[in-house]
Amino acid sequence: MAKRYWLMKTEPDVFSIRDLKARPGKTEAWNGVRNYTARNHMRDLMSVGDGVLFYHSSVTPAGVAGLAVVAKKAYPDPTAMDPKSEYFDAKAKPGINPWVMVDVKFQQEFPALVTLDQMKQTPGLEGIMVTRKGMRLSVQPVTAEEFAIVAKLGGG
DNA sequence: GCCAACGTTGGC
DNA sequence: GCCAACGTTGGC
């Protein structure tokens, strides 16, 4: 399958690019996605080697903090079946757990955040989803061109 | 199956 | 903290 590119959002207070870098193998399971569109992107379209723009949300400024890569294709997210988890979903049962996660591996942290505002002003990024008002999808597809432009802005 | 109410996201 | 946008829920 052809390599694809993604933007994945996280609140850095919860999990940041530095947390990813500090993980064993610099790899983390991307659990807690509870939106069907985002789930479908992970389950149906993501493959090992896909590029990831690692986006920090709910901070000022928000923006892409670095690059990562998909290290394992989608598999069941156990936090959905853990009553003690904040991501628990009563609909999830063994065998019918609707939620999946992928593993994501650290590639690089940008020297400076590529901010939302910067992306809005950059030619070639007119269509990137994250700049659209009200766009809150946590796993978004980006084009190879958009990925390359953001990587370059980040100094990657 | 429609759609209003509700809850959440996330930039500002 | 505000509130627009949007996804989900649930009554009908």
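**Note on the salt bridges and DNA contacts of a predicted model**

1. Aspartate 89 is buried, its relative accessible area being 9%; this value falls below the limit because buried means under 20% relative accessible area. The model under review is predicted. Aspartate 89 is also paired: a salt bridge joins aspartate 89 to lysine 91, with 3.3 Å between the closest N and O atoms. Lysine 91 in turn is one of the residues that surround DNA strand C.

2. In total, five salt bridges are present in the structure. Side chains of opposite charge can pair when their charged atoms come close. One of the five links the side chains of arginine 23 and glutamate 28, at an N to O distance of 2.7 Å. Arginine 23 has a relative accessibility of 32% and therefore counts as partly exposed.

3. Another salt bridge connects the side chains of arginine 43 and aspartate 44, at 2.8 Å from N to O. For this pair, the accessibility of each partner can be stated. Arginine 43 is partly exposed at 42% relative accessibility, and aspartate 44 is partly exposed with a relative accessible area of 40%.

4. Which residues surround DNA strand B? They are Lys9, Tyr55, Ser57, Ser58, Ala62, Leu116, Lys120 and Arg136. By class, this surface comprises three nonpolar, two polar and three charged residues. Sugar or phosphate accounts for 71% of the strand B atoms within 4 Å of the protein, and bases make up the rest.

5. Several polar atoms of the protein lie beside phosphate oxygens of DNA strand B. Lysine 9 places a polar side-chain atom 2.8 Å from a phosphate oxygen of this strand. For lysine 120, the distance from a polar side-chain atom to a phosphate oxygen of strand B is 2.9 Å. Serine 58 contributes through its backbone, a polar atom of which is 2.9 Å from a phosphate oxygen of DNA strand B.

6. DNA strand C is surrounded by Asn35, Tyr36, Lys91, Lys133, Gly134 and Arg136. The surface near this strand divides into one nonpolar, two polar and three charged residues. Of the strand C atoms within 4 Å of the protein, 72% belong to sugar or phosphate, the remainder being base atoms.

7. Arginine 136 deserves a separate remark. This residue appears in the surroundings of DNA strand B and also in those of DNA strand C. What does its side chain approach on DNA strand C? A polar side-chain atom of arginine 136 lies 2.6 Å from a base oxygen of that strand.

Conventions. Residues are numbered from 1 along each chain as its sequence is written. Chains are lettered from A and ligands numbered from 1 in the order in which they are written. This is a predicted model: local features need pLDDT of at least 70, side-chain atom pairs count only at pLDDT 80 or more; totals for chains, interfaces and linings use all residues. Side-chain values use heavy atoms; hydrogens and water are left out. A salt bridge is a side-chain nitrogen of Lys or Arg within 4 Å of a carboxyl oxygen of Asp or Glu. Buried means under 20% relative accessible area, exposed over 50%, partly exposed in between (1.4 Å probe, protein chains only). A residue is near a molecule or strand if one of its heavy atoms lies within 4 Å of it. A polar contact is a pair of N or O atoms within 3.5 Å; within protein, one must be able to donate a hydrogen and the other to accept it, and residues adjacent in sequence count only if both atoms are side-chain atoms. Ala, Val, Leu, Ile, Met, Phe, Trp, Tyr, Cys and Pro count as nonpolar, Asp, Glu, Lys and Arg as charged, and the others, Gly among them, as polar.
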